[in-house]
Every structure is written in C-alpha cells, then in structure tokens.
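Student: Could we go through this structure together and check the reasoning behind the words used to describe it?

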Amino acid sequence: MIPRRMWVLVSAVLLGGIAAVVVAQQDMSKVEIKTEKLADGIWVLYGAGGNIGLCSGPDGALMIDDQYAQLSDKLLTAMKAANDAPLRWVVNTHWHGDHVGGNEAMAAAGATLIAHDRVRERMMEGQDNKFFQRKVDPAPAKALPIVTFSDTTELHVNGEDAVAFHVPPAHTDGDVVVWFPKANVVHMGDTYLSSMYPIIDLESGGSINGLVAASESVLKRIDDQTKVIPGHGTVSDKAGLQKWHDMLVGTRAAVAKLVKEKKTLDQAVAAKPTAPWDDVWGKGFMKPDLYTKVLYTELSAAKK
Ligand SMILES: [Zn+2]
C-alpha cells in the first residue's frame, strides 16, 4: 500500500487543484519564468504549473493557460518581454488550478477568457475529489471563462488560424488542444506530459481511452517538424508524442489483462504491470503504483 501522506502529496502537487496546499509548499516568489521561442510569434513560458503557450503579434497576445495567481505579474512581464503587445485572450486547456489560477488577473489585464463548456461548469461547481483527496472551492465569477464552446473554436489572430478543439474525455472532460497550423505548433494541455505517466482525473470525467484518442487525433495532424507543447515537461515533437501514445496503449492493455483475470486492486498493483515503461515514465510525481491504481479503477468500473 502507498502511505496516505504520499497520496496527498502526489495529488496536491500534480493536480494543482489544492492550489492553497501547493502554494503553501512552494515559494512562488522564487519561481522564475523561462521563455523559449518556438516559431515566429509563438513562445512557450515555463514557470510553476502548466506550461503556457503564447501567440503574440499585431493583433495582441493570446495565452494558453495561466498557471497560478501568484505568478500573474511575472507572467505578464515575461509575455511583454517576448513581444510588447497587450494581452487580449486566454484559452484554458482544462479546469485544474495550475492552468486557470491566473484567470482573474489575466481578465483584469484585458484578456477574454475562453474554454470548453465543462471548464466553466466545473469551476462554478467546485469539487470534492475523493480519489485525489482534493477540495476545490467554486471559482469567483471574474475567473470564469466567458466564451465557451462544446467542440471547436478558431482564433484568427496574428496571421494564424488557430484551432482550439475538444478531445473525448481524457485528462478531464473539458480538455482542449490548441493547434497553430501555420507556425506548426500544438499545445496539448495535460493530455500529454512529456516525461511522466498521465494523470487521469476520473472524478473530472477523465479516461485512458480519451487520452489515447487525443494523442491519435494530434498525431494525424502533425509532422516531424511540429513543436508539441505538453501540459508539463519540456517541449517535444511527433516522435515523443508517438512514444507517449504507445506507452498509454501498452499500459492500458497490461492492466486490462489483470482486470480480466479478476485480480484485486492490491494484486494488480503487486503484479507491477507497468514495469516495462517505469524507467522512462515512472520517475515523475505519478509513480507506477498510483498510475496502476488509476487504470485499474477505471478499467474495472468499465467492466461492471
Ligand atoms: Zn490538469
């Protein structure tokens, strides 16, 4: 068994949902924002929390995700340093606190907040997440996305025809991927983590099948030159995303086999079904046993 304390730590740090817990543990004043240019007019900003995509040019700046409220000033400074244009839009890839924490400040700075319908609904509702022992209060009205969509929306800005599209429930049920076809850059939110096992937030409607489908729909659109921004971890490419996809498919099959054999949860975890992938993917916060537990929970429920 995994000690309860570790579960709490893993869930708090990873999901970013218990923003207060994370903030209490991490001194945001020490966080430095690192900016990397990916294409003309497109950057990625690394700080604490989910990676931020930035498309900035003559029409203004479009940000994808905005990390934590405590970093908003630094993020706005980094954004202006990349290109001195006013912030006009923020797209949230999903509703977790490490991706929407700066919403209120970004709206105050002039941004229109855009997201999938479920992001707004979940932020309004708040959540008591039993599996990850995470309590999230309903968000203040000013932090809520005011433009929402159920399937796809396009942003025709700065010479781009960016497509924000919903994928089947994957990390959550409100996931959106943002694709910049001209710049050949895609931001996948937490449907892709470049160096660790996925977080499947089952209580926010997440599903391993949706994660596989999300990676497949992006793999179909991109080529070997595409820059792939993951929700967490360094910028990757098509080959990296293909490895992620293959790991998802392999680990899903390994755990499904144990469910089919009617193993209990403890037996499934003890069997270490993810062992062939653990060296590459199991060293982040999402440890092999916890990932196995999540997969088992979903796949055994689907059997019933
Ligand atoms: Zn997330």
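Tutor: Gladly; we will take a few descriptive terms one by one and see what stands behind each. Keep in mind that this is a predicted model.

Student: Let's start with V178. What makes V178 count as buried?

Tutor: The cut-off for buried is under 20% relative accessible area. V178 has 0% relative accessibility, so it counts as buried. This residue is found in strand 12.

Student: Which residues is V178 in contact with, leaving aside its neighbours within four places in sequence?

Tutor: They are I64, V91, V163, A164, V185, V186 and H187. Contact here asks for heavy atoms within 4.5 Å. As for H166, its C-alpha is 9.0 Å from that of V178, and the two are 12 residues apart in sequence.

Student: Why is strand 12 described as largely enclosed by the rest of the structure?

Tutor: Count the buried residues: 5 of the 5 in strand 12 (residues 176-180) are buried, so the strand is largely enclosed. Both of its faces are covered. V176, V178 and F180 are buried on one side, and V177 and W179 are buried on the other.

Student: How do you know that strand 12 pairs with strand 11?

Tutor: Pairing needs at least two bridges between the strands. Strand 11 (residues 162-166) and strand 12 have 4 bridges, in the antiparallel sense, so they satisfy the cut-off of at least two. One example is V163, whose bridge partner in strand 12 is W179.

Student: And what joins strand 12 to strand 13?

Tutor: There are 3 bridges between strand 12 and strand 13 (residues 185-187), and these strands run antiparallel. W179 has V186 as its bridge partner in strand 13. The hairpin of these two strands has 4 residues between the strands, and N184 takes a positive phi near 60 degrees there.

Student: What makes strand 10 and strand 14 edge strands?

Tutor: Look at the strand order of their sheet. It is an open sheet of 5 strands in the order 10-11-12-13-14, with mixed pairing. Strand 10 (152-155) and strand 14 (227-229) each have a single partner strand, so one side of each is left without a neighbour in the sheet. From one strand to the next, the twist averages 15 degrees.

Student: Where does strand 14 attach, and in which sense does it run?

Tutor: Strand 14 is joined to strand 13 by 3 bridges, and the two run parallel. Within that pair, H187 stands opposite I229 of strand 14.

Student: How many strands are in the other open sheet, the one with the order 1-2-3-4-5-6-9?

Tutor: That sheet has 7 strands, and its pairing is mixed as well. Its edge strands are strand 1 (34-39) and strand 9 (147-149), each pairing on one side only. Here the twist averages 20 degrees from one strand to the next.

Student: What shows that the pairing there is mixed?

Tutor: Take two of its pairs. Strand 1 and strand 2 run antiparallel and are joined by 5 bridges, with K37 partnered by W43. Strand 4 (residues 60-64) and strand 5 (residues 87-91) run parallel and are joined by 4 bridges. I64 has V91 as its bridge partner in strand 5.

Student: Which strands does helix 3 lie across?

Tutor: Helix 3 (residues 72-82) lies across strand 1, strand 2 (42-46), strand 3 (52-57), strand 4 and strand 5, running at about 150 degrees to strand 2. Helix 6 (residues 117-125) also packs on the sheet, where it touches strand 6 (112-116) and strand 9.

Student: Last one. Why is helix 7 called roughly antiparallel to helix 8?

Tutor: Angles over 145 degrees count as roughly antiparallel. Helix 7 (residues 208-221) and helix 8 (residues 238-260) pack at about 155 degrees, with axes 10 Å apart. That makes the pair roughly antiparallel. The crossing is left-handed.

Student: What is the contact of helix 7 with helix 8 made of, by class?

Tutor: The residues involved include L211, V212 and E216 of helix 7, and W244, L248 and R252 of helix 8. By class, the contact has 9 nonpolar, 4 polar and 3 charged residues. Helix 7 also lies across strand 11, strand 12 and strand 13, at about 155 degrees to strand 11.

Notes:
Residues numbered from 1 in each chain as written. Predicted model: local features only at pLDDT ≥ 70, side-chain atom pairs only at ≥ 80, totals over all residues. Heavy atoms only, no water. Axes fitted to C-alpha atoms, helices over the stretch in contact; angles between N-to-C directions. Parallel < 35°, antiparallel > 145°, perpendicular 65-115°, else oblique. Left-handed = near helix turned anticlockwise from the far one by under 90°. Nonpolar A, V, L, I, M, F, W, Y, C, P; charged D, E, K, R; others polar. Buried < 20%, exposed > 50% of the residue type's maximum accessible area, 1.4 Å probe, protein only.
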